[in-house]
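Student: I'd like a close look at one part of this model, the largest pocket. Please start from its lining, then follow the threads from there into the rest of the chain.

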Amino acid sequence: MKSLKSIIAGVIILMAFVIAGCTKENYPSRDTSGILPPVIDTTTPPPPVDTTLVMFDACDAVGDWGSDWQTVGTPIVQTTGQKEGTGYIQGTITTGNDFLQFIKQQRTPALDTKTTVDNGQLTFWLNIPDVSKLKLDGQIQISSSGTNPDSKRYGWDFASIIPTLQNGWNHITLDLSAANVAGDGPADLTAVNFFKMFFWTADKTTADFVCAIDGIQFKRKQTTTPPPDNSVEIDPADAIDGWETVGTPVIATTGQKQGTGYLQGTIHPDNDFLQFIKTLATNVDTKVTMTTGQLQFWFYVPDVSLMKLDGQIQFGSAKDPDKNRIGWGLANIIPTLNNGWNLIKLNFADAYVSGDGGPDLTAMNYFKMFFWLNNKPAADQTFGIDDIKVVAVPPPPPVVIDNCDAADGWETVGTPVIATAGQKEGAGYLQGTLKTGNDFLQFIKTLPTNVDTKVTIDNGQLQFWFFVPDVSILKLDGQIQFSSAKDPDKNRVGWGLANIIPTLNNGWNLVKLNLSDGYVSGDGGPDLTAMNYFKIFFWSTDKVAVDYTFGIDNIIIQRK
């Protein structure tokens with residue numbers, strides 16, 4: 001019996017090995033009968049939930065936006081593509097019209113926002129298909145009146161929000177402390193029951209203009225530790241040493257924005273001109289570059305309407321307003337000013353640079369601002385300057401011209417090809433092949449939509465990756481062209497490849513081209529707010545004996 005039990009045990013063990021050996025193996029490359037669950041990163045915690053959020057309306061159902069909700073036409077709930085919950089409210093400016101509103105009135109029960117004017121924010125999602133078509137007008141309003149947007153209200157001008165929007169969904173966050181208040185007082189934040197947003201397109205639409213709103217909520221401001229002060233003081237304007245104005249400089253010791261005082265200058269009724277000039281006794285290292293630098297100061301204006309759209313702000317390292325300087329025209333700054341104190345922020349990258357190469361930012365020693373009034377004033381007009389400093393700011397993100405991940409809109413010699421391995425960015429790169437027996441290749445992209453590059457000729461730089469299999473075969477000829485006319489010979493800036501080719505290596509090269517170094521077409525050059533055409537073309541020194549494959553990837557514009 002013991003022998004029989006041993007035999008049976010051996011058979012069972014043998015059968016187990018046989019069954020295990022027959023188990024089907026799943027090879028991902030051949031077996032697609034199942035989809036693996038996503039890999040979840042458990043090492044990085046998700047962002048914390050904001051426990052202060054209070055929902056005014058989730059915009060998920062028509063019932064919530066029925067008789068107490070108005071758009072222009074019937075409000076529609078969409079249940080795909082929402083930013084929160086199960087849906088969003090859609091409103092349309094139909095063809096031939098120019099106005100849209102979203103109104104939620106008589107919310108029942110009225111909402112206790114759990115916030116105050118000092119710590120509260122209104123937040124919601126807003127979808128705009130084409131921001132460029134919006135008129136700089138309109139308002140966003142919340143109220144506790146139930147039906148009247150002009151009573152017991154907080155409001156924000158939509159015109160000031162539009163420049164911050166992008167096409168598609170935008171997450172809007174508005175400080176209650178920054179809102180304007182109705183004449184009969186603000187909304188009762190414990191009983192908010194009315195929301196309204198209205199705006200126009202600049203022109204009557206030629207096609208339906210479909211907008212949307214989602215997730216209207218209130219929340220408290222997040223309290224964070226302020227970042228360390230990275231500013232470099234140029235002058236605190238607390239003493240008159242080194243200062244010149246028209247007449248005797250005066251230090252006022254009340255009403256300043258910083259320190260113990262501020263510098264005053266006065267335009268009297270017999271004059272129309274004023275200047276503030278500071279020559280520093282010691283050079284100042286600003287610790288910034290032309291890309292990261294920002295000049296900041298407080299400027300007091302008694303009456304903006306009196307100011308002539310003229311004058312300049314100058315910052316230099318030669319103790320001279322006309323040498324080694326950067327500057328900004330006041331004509332563009334004056335329309336942004338308010339009566340009273342204004343915090344002026346001027347990016348170095350937006351400045352014009354003197355023809356001698358500009359300032360030495362490690363040895364700055366001169367500040368000047370000068371301006372005029374439209375007419376000699378009827379009474380004294382006293383202006384002020386306080387706390388001039390330089391701060392480091394991050395450069396703005398680059399603007400993508402084309403990521404070269406798809407062949408749409410591209411032309412080469414032959415059929416454009418997208419390679420999905422070896423790219424420098426994104427999902428792929430564009431290939432073009434110089435075929436055996438030929439000597440010419442080009443890459444041309446006509447953009448379907450104009451692109452605002454957010455730069456100027458002086459501060460802009462075109463960048464892209466360029467794959468060259470063998471630099472030695474290239475002829476010192478060809479061009480790179482960038483245009484706003486969908487035409488290589490109009491409204492363009494361009495660069496000759498003869499100077500670029502000697503700098504290239506075999507393989508990938510990051511090409512960086514300053515717009516200021518390019519040649520500009522005789523018609524005035526490109527409109528950098530509406531660029532739509534890129535072209536690079538070149539030759540080999542001889543017709544090639546074998547195929548040579550070149551590549552382009554990630555064409556962007558950024559500040560240099």
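Tutor: Strands are DSSP runs of E with at least two residues, and helices are runs of H or I with at least four; both are numbered from the N terminus. Keep in mind that this is a predicted model, so local features need pLDDT of at least 70 and side-chain atom pairs need 80 or more, while totals for chains, interfaces and linings use all residues. Residues are numbered from 1 along each chain as its sequence is written, and side-chain values use heavy atoms, without hydrogens or water.

Start with the lining. A pocket is an open set of points on a 1 Å grid over the protein atoms alone, where a 1.4 Å probe fits, with protein on both sides within 12 Å along at least five of seven lines; lining residues have an atom within 4 Å of a point. Here, 30 residues line the largest pocket. Nearest its centre are L165, Q166, N167, D452 and K454. Three strands each supply at least two lining residues: β25 (399-402), β29 (440-451) and β36. β29 gives the largest share, with five residues.

Now follow β25 and β29. A salt bridge puts a side-chain nitrogen of Lys or Arg within 4 Å of a carboxyl oxygen of Asp or Glu. D402 and K445 make one, with their closest N and O atoms 2.9 Å apart. D402 sits in β25 and K445 in β29, so the bridge ties together parts that are 43 residues apart in sequence. D402 and K445 are both buried (under 20% relative accessible area with a 1.4 Å probe on protein chains only; over 50% is exposed, and anything between is partly exposed).

The model has 15 salt bridges by this rule. Another of them joins the side chains of D235 and K278, at 2.9 Å from N to O. This pair also links distant parts of the chain: D235 belongs to strand β13 (residues 232-235), K278 to strand β17 (residues 273-284), and their positions lie 43 residues apart in sequence. D235 and K278 are both buried. K389 and D387 form a further bridge, their closest N and O atoms being 3.9 Å apart. These two are buried as well.

Next, take β36, which also feeds the pocket lining. Strand β36 covers residues 548-559 and gives the most to the largest nonpolar core, with five residues. Such a core is a set of buried Ala, Val, Leu, Ile, Met, Phe, Trp, Tyr and Cys residues joined through side-chain atoms within 4.5 Å. The largest one has 40 residues. L462, F464, F466, I480, I536 and F550 have the most contacts inside it. A second, separate core holds 39 residues, including W328, M364, M369 and I385.

Look closer at I480. Contact means heavy atoms within 4.5 Å. Beyond its neighbours within four places in sequence, I480 touches L462, F464 and I536, and its other partners include V493, W495, L513, Y519 and F534. K535 and G494 are also in contact with I480.

A363 gives a view of a loop position. A363 lies between β22 (352-353) and β23 (364-372). A363 counts as buried because its relative accessible area is 13%. Its contacts, leaving aside neighbours within four places in sequence, are N283, V284 and S317. S317 is 46 residues from A363 in sequence, yet their C-alpha atoms are 5.8 Å apart.

Three other loops hold backbone features to check. Most residues other than glycine have a negative phi, and most peptide bonds are trans. The bond from T108 to P109 is cis, with omega near -5°. P109 falls in the loop between β5 (99-104) and β6 (120-128). K152 is not a glycine but has a positive phi of about 45°. K152 lies in the loop between β7 (139-143) and β8 (153-157), and counts as partly exposed because its relative accessibility is 36%. K319 has a positive phi too, near 55°. K319 is in the loop between β19 (312-316) and β20 (325-329); at 45% relative accessibility, K319 is partly exposed.

Last, step back to the whole chain. The chain has two helices and 36 strands. Of its 560 residues, 44% count as buried. Among contacts between residues at least 6 apart in sequence, 79% join residues at least 24 apart.
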